[in-house]
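Here is a short briefing on one structure. Topics are grouped for quick reading.

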Amino acid sequence: MSSVQEPTGFVRTLEAAGKLMTGLSVVLMIVLALPIVYDALLRALGYPTIWVFETTLYAFIFIGFLGNALAVKRGAHFRVTIIAQLFPRAKPALDMISNVSVLLFALLVISSGIYFAWYSWSNTISSSTLLEVPLWIPNLAIPIGGLGLLLQTIVQMCCGMPEHGEAGD
Amino acid sequence: MDFIHDYGGFIAIFLLFFFMLLSMPVFVAMGLSAFLASLLLEDPFLAFRSFIQISWQGASIFELVALPLFILTGTIMQRTDAGRDLFEVTKAWAGSIPNSLGVATILACGIFAAISGSSIATAATVGLVAIPLLLDEGYGQRRAGGFVAGGGTLGIIIPPSIPLILYGVITETSIGQLFIAGVLPGILMMSLFLLYVVCSRPTVLTRHEVPLAEKLRITRRSIGVILLPPIIIAAIYTGAFTPTEVGALAVVYVAILGFVQRRLDWPKLREAAIVATATTSMLFMLIVFGQFFAHFLTFEQVPQSIAQAIIDNASGLAAVTLMILAYVVMGMFLESAAMLLISIPIFYPVAMQLGMDPLVFGIFACIAMEIAQISPPIGVNLFTIHGISRIKLGRLALGAAPFLLIQITMLYVVYFFPELVLWLPDSMK
Amino acid sequence: ERLSISTWGSPKHPQVSQFIPQFEKKLEEKSGGKFRVRSFQGGEMVKQEFVPTAIPQGTVDISLTTMDTWSGRVPEVSILTTPLWNKSMQWTRDNLKPGDPIFDYFDAKFREQGAVVLALFDIGPAVVSTNFPLKTPDDMKGKSVRVYSRGAGQVIQELGGSPVTMGVGDVYSGLQRGTVDGAMGGLGGAVGLKHYEVTDHMLVQNGVIGTLVHGYVMNRDKFERMDPELRKALLEAVAESRDAMQQYLIDIYAKQVDEVRQSGSNVVTIEQNSAEWKVWEDALADFAENARQEYPAGLVKLIAAD
Ligand code: NA
Ligand code: NA
């Protein structure tokens, strides 16, 4: 489990999906500040926009959920590893428990996220603001992010886990 | 059935700690424990719908947008040698007082803290530059590492501050006011740190006599970075911009400054954004599912009953001491954001019952987070310094211990002298 | 029967403080103690903007709500923020109850969405606290004004101002620092948060540019599955507490306006059907006409008829 193995074709596909999500969230991260600065300056001049507030919030939500693939890959999600440090022999079993719990949780996030987006879509719910954004669009960030969590964790289980906090691209 | 209803919240707390011990990621432990406990109490489909409804409510909070912005500001600055610039400046001005390089280290941490919202970033940025020099001058590993680990905690009390953003979001307290509330306690804490560093033994008396002209030259060279902290604090203090807007302006400012100084290029910006995205996602998941956990506890009226029990049985001082003890113990094992998300829903009602102002308790909790970051065995600042310097964790923990004592003292100071926290934000009104 | 009740905003606002304790007491009396109520304040369970999904999903059983936040699900509610809604608080007190055609119209729409309207009430016409003299619609041109809802934003836009979205907690400092030139919102909030400390003028418009209709709504499945006896007790308890709260809101409105006046703020009042009233009405005439076209004719007629 802990030794790094050569990725198979299947794993490569999963990794590619993870990279796509990572790419999207990183691009959003780079541009996120721009509309906020634009809005702040316009407001200072007396012309506030009505779209920045909401769209940047949704962009942030996408960064948060889609960034999961990256966060898993970099071991950024915080774990308490005290037992594994005290009993190094238990580490493989604990890693397995941890990974399986993440998979289960990812399934919960994906299924409930799909349900939520479907609920917004089938009831044609939009935000009660001047922008009237159909809510299923930002809702979709949840199942997609859950999918990233799932896929990248499977990759991790196949190829070994990064050390906590280790940076590797 | 009634038994389960009465203790559903406590079942969730038990599951949370059990899951965390099994080394599940903390956000998974929070989400799963509350979800499983709610399955015991409710119709499964209702539990499923509430899970996603509450999680979504916890995600769509505009104030949270400030998080990625301040994180990105920090990661960009790390890649533009800001740490070196700052340290050059503080080193030039610290002069000939005892332990002057240590003093320069704490000062550099304090200035970087006013740009970055994270103590890890502060410790890492300053540490990379300062630790090798401190070792060269004979401070020894324990003190060299300890100064940076301890000084780094200033990152979250001097604004901007990620934990204060989280606290503001959870308790619906004004983040701008929280930031301003952190200024004076932050300066006091930095002064106490400086006092300790100057007095620490054995004294290192290497002289850094720099002529005034040279001091000014070095300062001018780094003026872009030096100006940022007062601009950030002034922008928030005057209310000209919201904390989120200040974060966005800071990102644009440091990016432009980096490009103009030719220290930043696209690959470095991309790398900064990648690190910021991973950190944001980590925090985001903690926030979303931490709030789900907290809502479940609130629904089961756990915080209310704990607050009542503490108030009925303890005086103010005893209750505060109890909270401090709980924080010190939790801080041994938990990372600060997780600790904040678990503790605030429970302790906030207690603090309000004790008559603490929401701003005062925010600063109190923030200092408690600092303790978590430098107390062994799990102290992220210790890990960070270990990562960049390979100094042994045990030595780092010893080196940081005096800072920890200062922080515990500060917790009582904040409780007994709330004016220290409230004076500046009150003067905003 | 377990019942969870959620409110948001200040727990001191009469819509909470004059309702929840009474409602709990009456529920206890009328049901013979058969309800186990848990109530949550200040948005600790469900925040204002999430009520329209949280109630149909059953996250909590009953919640305070503004009608306007439902516009994303029941577009018709927005008519309450147009000039077509020209009812006084007194009218609402006496008429906007179960059995009234307008009440029942909305209740039916909400039921399609999985919610039951238990009560509707008017917390009073919105006031505009400003740092510029505001007497006529022209004064609004080019000014940035914080609004509380989509409907209020449309009105400000129509008058030539720029609506700004801003959390309730930031309004005070926003007004003080000039981030916005003014703020539109409930009188209770404006007084409770002392907006008069940081503004020089307040417009009391008595409804010509909108009032604030709020309500208590309940999860439909929970409502329908409830024992009929208990449901009856619940409805009676709601109705009585609502009437008392609405009366309290009417009584306190003039007192709160006085409080603002005594603080030294320049209060401008637009009396119903006065010449000034007519000026504001005319400024919004096109807007009203559009609304008349946009909303279902049946509903427009119901409102005009009463
Ligand atoms: Na900071
Ligand atoms: Na710790």
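**Briefing: interface, ion site and strands**

In this predicted model, 56 residues of chain B are in contact with 50 residues of chain A. Together, chain B and chain A bury about 5200 Å², with 82% of it on carbon and sulfur atoms. Ile52(B), Trp56(B) and Phe62(B) supply 13% of the area that chain B buries against chain A, more than any other three residues.

**Polar links between chains B and A**
- The rule finds 1 salt bridge across this interface.
- Glu271(B) forms a salt bridge with Arg74(A), and the closest N and O atoms are 3.6 Å apart.
- Across the interface of chain B and chain A, 5 residue pairs are in polar contact.
- Several helices of chain B each supply at least two residues of the side that touches chain A, among them helix 1 (2-21) and helix 14 (243-260).
- Helix 15 of chain B gives the largest share of that side, 15 residues.

**Sodium site in chain B**
- Ala113(B), Ser116(B), Gly155(B), Ile158(B) and Pro160(B) each donate an O atom to the sodium ion (ligand 1), at 2.2 to 2.3 Å.
- The donor spacing in sequence is A-x2-S-x38-G-x2-I-x1-P.
- Ser116(B) lies in the loop between helix 6 and helix 7, and Ile158(B) in the loop between helix 9 and helix 10, so the pair ties together parts 42 residues apart in sequence.
- Both Ser116(B) and Ile158(B) are buried.

**Strand 1 of chain C**
- Strand 1 (residues 2-6) is largely enclosed by the rest of the structure, because 4 of its 5 residues are buried.
- Strand 1 runs parallel to strand 2 (residues 36-40), joined by 5 bridges; Ile5(C) stands opposite Ser39(C) there.
- Strand 1 also runs parallel to strand 3 (residues 62-66), joined by 2 bridges; Ile62(C) is the bridge partner of Ile5(C) in strand 3.

Conventions
Residues are numbered from 1 along each chain as its sequence is written. Chains are lettered from A and ligands numbered from 1 in the order in which they are written. This is a predicted model: local features need pLDDT of at least 70, side-chain atom pairs count only at pLDDT 80 or more; totals for chains, interfaces and linings use all residues. Side-chain values use heavy atoms; hydrogens and water are left out. Donors are N, O and S atoms within 2.8 Å of the metal (3.2 Å for Na, K and Ca); water is not among the atoms, so sites may look incomplete. Buried means under 20% relative accessible area, exposed over 50%, partly exposed in between (1.4 Å probe, protein chains only). Two strands pair if DSSP finds at least two bridges between them. Contact means heavy atoms within 4.5 Å. Buried area is the accessible area (1.4 Å probe) that two parts lose on being put together, summed over both. A salt bridge is a side-chain nitrogen of Lys or Arg within 4 Å of a carboxyl oxygen of Asp or Glu. A polar contact is a pair of N or O atoms within 3.5 Å; within protein, one must be able to donate a hydrogen and the other to accept it, and residues adjacent in sequence count only if both atoms are side-chain atoms.
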